[in-house]
Amino acid sequence: LITSGSGSISLTGDATNNTNSSSTAWGMQPNDATIQTVSGDITLDMTGGKSSSNSRGLALDSQSIQLLSSSGAITVRDIQPTGLTGNYNGLYLSPSSANAILFGANGTTVPSSSSNVVIEADKAAFVNQPILFNTSGTVTVRPAGASFSSSLDTTLLNIASTITGLTLGKEMNTQDITIGSAVSINGPLTVYGGDITVSGNIDTT
């Protein structure tokens with residue numbers, strides 16, 4: 001999905017009323033996808049099924065996606081469905097290979113990016129392979145509500161050194177946050193959480 005110029009892209013996937021209660025009901029599960037605008041915003045609002053035993057808004061399971069813009073804001077929201085009777089498991093990003101899930105610039109069709117990237121989900125899992133944030137803007141991973149509903153582990157977030165600010169959580173977050181790999185960025189690192197575990201070198205300017 002590609003626009004030209006400053007055209008923005010907004011995608012909504014809402015599985016709230018999916019009646020499946022015994023297995024998955026996800027708002028969106030893309031594979032080998034590219035969502036690209038020259039300089040516009042990209043927004044994904046995804047909601048899982050309210051009855052599902054495995055409700056997620058956005059899930060990639062050994063799959064790939066690129067969200068590309070040279071300067072527009074890139075926002076991904078994983079939304080807990082209203083009237084939940086099943087089990088909300090939240091955002092799930094598991095790339096098919098290292099950096100196969102990418103935000104910002106890919107170095108070819110979008111050579112560079114200054115986009116601010118926001119990931120918003122009450123639960124978020126980043127697993128199996130690194131996920132690349134390649135921009136000179138800011139990166140924020142925060143809950144949709146006041147606090148995450150489970151701990152956050154950012155070990156597999158591959159944060160480019162050009163990032164000008166990294167924020168994890170928000171002020172009212174009580175869940176634990178683990179920074180399990182080295183972070184070197186061109187700006188401040190702000191973390192809000194219960195227990196904060198740092199297992200790699202931190203270099204900020």
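Reader: How much area does the protein chain expose, and what share do carbon and sulfur atoms supply?
Author: In this predicted model, the protein chain exposes about 8,600 Å², and carbon and sulfur atoms supply 44% of that. The areas come from the Shrake-Rupley method with a 1.4 Å probe, and for residues only the protein chains shown count as cover.

Reader: Anything I should know about how the values were made?
Author: Residues are numbered from 1 along each chain as its sequence is written, and side-chain values use heavy atoms, with hydrogens and water left out. As this is a predicted model, local features need pLDDT of at least 70 and side-chain atom pairs count only at pLDDT 80 or more, while totals for chains, interfaces and linings use all residues.

Reader: What share of the residues count as buried?
Author: 45% of the 205 residues. Buried means under 20% relative accessible area, exposed means over 50%, and partly exposed is in between (1.4 Å probe, protein chains only).

Reader: How many helices and strands are there?
Author: Zero helices and 21 strands. Both are DSSP runs numbered from the N terminus: helices are H or I with at least four residues, strands are E with at least two.

Reader: What is the strand order in the open sheet?
Author: The sheet has seven strands in the order β1-β4-β7-β10-β13-β16-β19, with parallel pairing. Two strands pair if DSSP finds at least two bridges between them.

Reader: Which strands stand at the edges?
Author: β1 (9–14) and β19 (189–191). Each has a single partner strand, so one side of each is left without a neighbour in the sheet.

Reader: How many bridges join β7 to β10?
Author: Five, and the two strands run parallel. Arg77 stands opposite Glu120 in β10.

Reader: New topic. How many salt bridges does a search of the whole structure find?
Author: Three. A salt bridge is a side-chain nitrogen of Lys or Arg within 4 Å of a carboxyl oxygen of Asp or Glu.

Reader: Which side chain meets Asp45?
Author: That of Arg77, at 2.9 Å, N to O. Asp45 lies in strand β4 (residues 42–47) and Arg77 in strand β7 (residues 74–79), so the pair ties together parts that are 32 residues apart in sequence.

Reader: Are those two buried or partly exposed?
Author: Asp45 is buried, with a relative accessible area of 18%. Arg77 is partly exposed, at 29%.

Reader: And how far apart are Arg77 and Glu120 in their salt bridge?
Author: 3.8 Å, N to O. Glu120 is in strand β10 (residues 117–121) and Arg77 in β7, so this pair ties together parts 43 residues apart in sequence. Glu120 is buried, with a relative accessible area of 14%.

Reader: Where does Arg142 come in?
Author: Its side chain meets that of Glu120 in a salt bridge, at 2.9 Å, N to O. Arg142 lies in strand β13 (residues 138–142), 22 residues from Glu120. Salt bridges that share partners join Asp45, Arg77, Glu120 and Arg142 into one network.

Reader: Last one. What is the radius of gyration of the chain?
Author: 16 Å, which agrees with the value near 17 Å for a compact globule of 205 residues. The radius is taken over C-alpha atoms, and the globule rule is 2.2 Å times the number of residues to the power 0.38.
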